[in-house]
Protein chains: 2
Amino acid sequence: MNSSRPVTIKDIARRFRCSPSTVSRALNDHPAINEDTRKNIQEYAKEVGYQRNEVSLSLLNKKTASLGVVVPTISNYYETAVIEGLHTVLQPMGYTLNICVTNESYLLEKESLSKLLSNRTEGIFLSVSQETYDAGYYEHLENVIQRKTPLIFIDREYEDFETSRATVDDYHGAFAAVEHLISIGYKQIAHLKGPNGLTVSEQRFKGYINCLKKYNMPIREDLILNTNFNVESAILPTKRLLELASPPDAIFGVNDQVAIGAMRVAKDKGLRIPQDIGLVGFDNSPISAYTFPSLTTVHRPGRKIGMEASRLFLNQLNGSGDFAPESIVLPSELVIRESSLRI
Amino acid sequence: MNSSRPVTIKDIARRFRCSPSTVSRALNDHPAINEDTRKNIQEYAKEVGYQRNEVSLSLLNKKTASLGVVVPTISNYYETAVIEGLHTVLQPMGYTLNICVTNESYLLEKESLSKLLSNRTEGIFLSVSQETYDAGYYEHLENVIQRKTPLIFIDREYEDFETSRATVDDYHGAFAAVEHLISIGYKQIAHLKGPNGLTVSEQRFKGYINCLKKYNMPIREDLILNTNFNVESAILPTKRLLELASPPDAIFGVNDQVAIGAMRVAKDKGLRIPQDIGLVGFDNSPISAYTFPSLTTVHRPGRKIGMEASRLFLNQLNGSGDFAPESIVLPSELVIRESSLRI
DNA sequence: GAAATTTTTTCAAACGTTTGCATTCAATAT
DNA sequence: ATATTGAATGCAAACGTTTGAAAAAATTTC
């Protein structure tokens, strides 16, 4: 018994000894269908659990109502916030989100994009992987462009493409964070930087550097160490910082995770925060408000980025032929909490 | 210029004055194709960026290689870990994951499932929404079962269905957590419970209660308060606990977020952890190892759950007609850290 | 050089649905 | 009785691909 085979329009047509067209029209409330016919067919369809095969419709209409979201990871708060933002706007419009995680791998990114194109995804939201960024490859993207599939960059971007992009103003966020530390009176401000090469890392780094310069503060190479965005990766660098002959009196972490790692190490050393050492993170993740002391950070509007990116996509979709890519840069906002409020 | 229309097999056929079948076979390295023809066609296809239309293939083969993942939220560590686990196993097999977020809403869950079925998804991983759970509706699930689309429950489950399910042993995890607190010498153990009705909440609650019973400790209703899984929701209940005439000397939080919220409130009150009050969470989220003090918690293997769920799906798919649903219960594991180690 | 064989290509159907146009049939108008 | 209308339904093509079977072309054999 093949009760598992989904019932089709043809099955219903056979049952009513009519043509598939009639069934189709009846189900879609077409006016030129006899009222009785319509009712009977609709009732029967419901009874047997008929469900339109969207695959065939996709083929016919060349519309799949599915969108690709290609991200390096989904295990950070920010990324999930972005996805939620996309969801909020696009799910109600009937779009389905195909989430592809690249794990920072170029190959996976390439395969994911190729798959999405094959599946005739109608748009792609992309935050390029670190490997892609490092290698500077972009061939796999040419492909997307050539297809005229709307491509929206999120946060991590290529300068070379004529595409829309939604990013957070990392530079000014970082600048504000460091400026705040300076205004409080911290003199030796270290930076736990993100991986080299990524826009996010570099912009925040630039904000840090330029702010120091603006206030004529010395830039000490030994106070700049790399981390990998997660808590663990902050432990060793922080230890090294605190063991310096002339240790920093404040640390600006590339994100909250890193700052929380630093907080932990500082506390283990018996340092008081913010008296002995000031701390600032980036992201304004939910936990940052509840660490002890609470963490000064820079709010990064992930949900909004997702919603804005959706808007950019919709603009491009509905735009007339001569489409002009838009760049949205959302401001980031300093959130001052206890970890930097030395009185 | 319609350079945006994807190149089809027919286009290539026209170019080579041959039939679509020939092109198809050439592209698929069919043996019965002339070597030169094959090479020419493959070269040309590459040149013009031909990409197989998987939609048409889906229709033809009734295989979509796409799977649905329906979850209440993606903004917790655990959920994303599960998705990562699914990804790890299923992406390399060529499956695409359609992630649907229900926001704990029955209606969204119903619509998501219906959409997935319409799109002929080959399997569905479901963690039911709280509303669905509360209402006890299951009609939307009947539909999935009837279609014989493999349905795998994750964590939150219905007892009434003949489906596979992958869950964590919340009961014994909670039991072990409370037993640990007792063994340290804590006498008045409070519980910040999750929302009523959810398996996860109730199982942990049951573990808490039964452990207290086993050790003949009084069960105080005033030490059991509800939270909503997130940090904020723990603040007020914890305050209330600590203002009791006879306050608890330990708190078992339904998850790490809640425990971290409690930690914050306790510290604000000037309580020392673990000397004045012991704390235990649940999840073993990355941050829990780096709070100060670090948080004793129960490891919940999200990634593994995702991978096991994938296995259950594949079993059902490849299984012969008479499929027997499997239930996997992964053990949770107590991770003892500083927040409960009163000496 | 014709027959037999092998290689290569084409035909046609199929997947499920929609839709413009043609057709049927009954009812109304002349 | 016939032409005219209108309502209801059917036909056929289309979307892009694969595949068994048939046909055509090229090669080998005698």
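**Close-up 1. Arg25(A) at the bases of DNA strand C and DNA strand D.** In this predicted model, Arg25(A) has a polar side-chain atom 3.0 Å from a base oxygen of DNA strand C. Turn to DNA strand D, and a polar side-chain atom of Arg25(A) sits 2.3 Å from a base oxygen there. Ser21(A) joins in on DNA strand D, with a polar side-chain atom 2.9 Å from a base nitrogen.

**Close-up 2. Chain B at the backbone of DNA strand C.** Here two side chains of chain B meet phosphate oxygens of DNA strand C: a polar atom of Thr37(B) at 2.9 Å, and one of Lys62(B) at 2.8 Å. Elements giving two or more residues to the surface near this strand are α1 (9-16), α2 and α4 from chain A, plus α2 and α4 from chain B. Sorted by class, that surface holds 9 nonpolar, 11 polar and 6 charged residues.

**Close-up 3. Who comes nearest to DNA strand C.** There are 26 residues around DNA strand C, and the nearest are Ile9(A), Ser24(A), Tyr50(A), Thr22(B) and Arg25(B). Of the strand's atoms within 4 Å of the protein, 61% belong to sugar and phosphate.

**Close-up 4. The surroundings of DNA strand D.** Look for Thr22(A), Arg25(A), Ile9(B), Ser24(B) and Tyr50(B), which come nearest among the 25 residues around this strand. Sugar or phosphate makes up 59% of the DNA strand D atoms within 4 Å of the protein, with bases supplying the rest. Ser56(B) places a polar side-chain atom 3.1 Å from a sugar or linking oxygen of DNA strand D. Two or more residues apiece come from α2 (20-27) and α4 (54-61) of chain A, and from α1 (9-16), α2 (20-27) and α4 (54-61) of chain B. The class tally near DNA strand D is 8 nonpolar, 11 polar and 6 charged.

**Close-up 5. α2(A) packed against α3(A).** The axes of α2(A) and α3(A) (residues 35-48) are 9 Å apart and cross at about 85°, so the two helices are roughly perpendicular. On the α2(A) side, find Thr22(A), Val23(A), Ala26(A) and Leu27(A); they meet Thr37(A), Arg38(A), Ile41(A), Gln42(A) and Ala45(A) of α3(A). This contact counts 5 nonpolar, 3 polar and 1 charged residues.

**Close-up 6. The axis between chains A and B.** Rotate chain A by 180°, with 0.0 Å of shift along the axis, and it superposes on chain B with an RMSD of 0.1 Å. The copies are therefore related as by a two-fold rotation axis. In chain A, Asn98(A) has the C-alpha nearest that axis, at 2.4 Å. The copies meet through the same surface, because 100% of the interface residues of chain A are also interface residues in chain B.

Technical notes. Residues are numbered from 1 along each chain as its sequence is written. Chains are lettered from A and ligands numbered from 1 in the order in which they are written. This is a predicted model: local features need pLDDT of at least 70, side-chain atom pairs count only at pLDDT 80 or more; totals for chains, interfaces and linings use all residues. Side-chain values use heavy atoms; hydrogens and water are left out. A residue is near a molecule or strand if one of its heavy atoms lies within 4 Å of it. A polar contact is a pair of N or O atoms within 3.5 Å; within protein, one must be able to donate a hydrogen and the other to accept it, and residues adjacent in sequence count only if both atoms are side-chain atoms. Helices (H or I, at least four residues) and strands (E, at least two) are DSSP runs, numbered from the N terminus. Ala, Val, Leu, Ile, Met, Phe, Trp, Tyr, Cys and Pro count as nonpolar, Asp, Glu, Lys and Arg as charged, and the others, Gly among them, as polar. Axes are lines fitted to C-alpha atoms, for helices over the stretch in contact, and angles run from 0 to 180 degrees between N-to-C directions. Angles under 35 degrees count as roughly parallel, over 145 as roughly antiparallel, 65 to 115 as roughly perpendicular and the rest as oblique. Contact means heavy atoms within 4.5 Å. Copies are superposed by least squares on the C-alpha atoms of residues with pLDDT of at least 70 in both.
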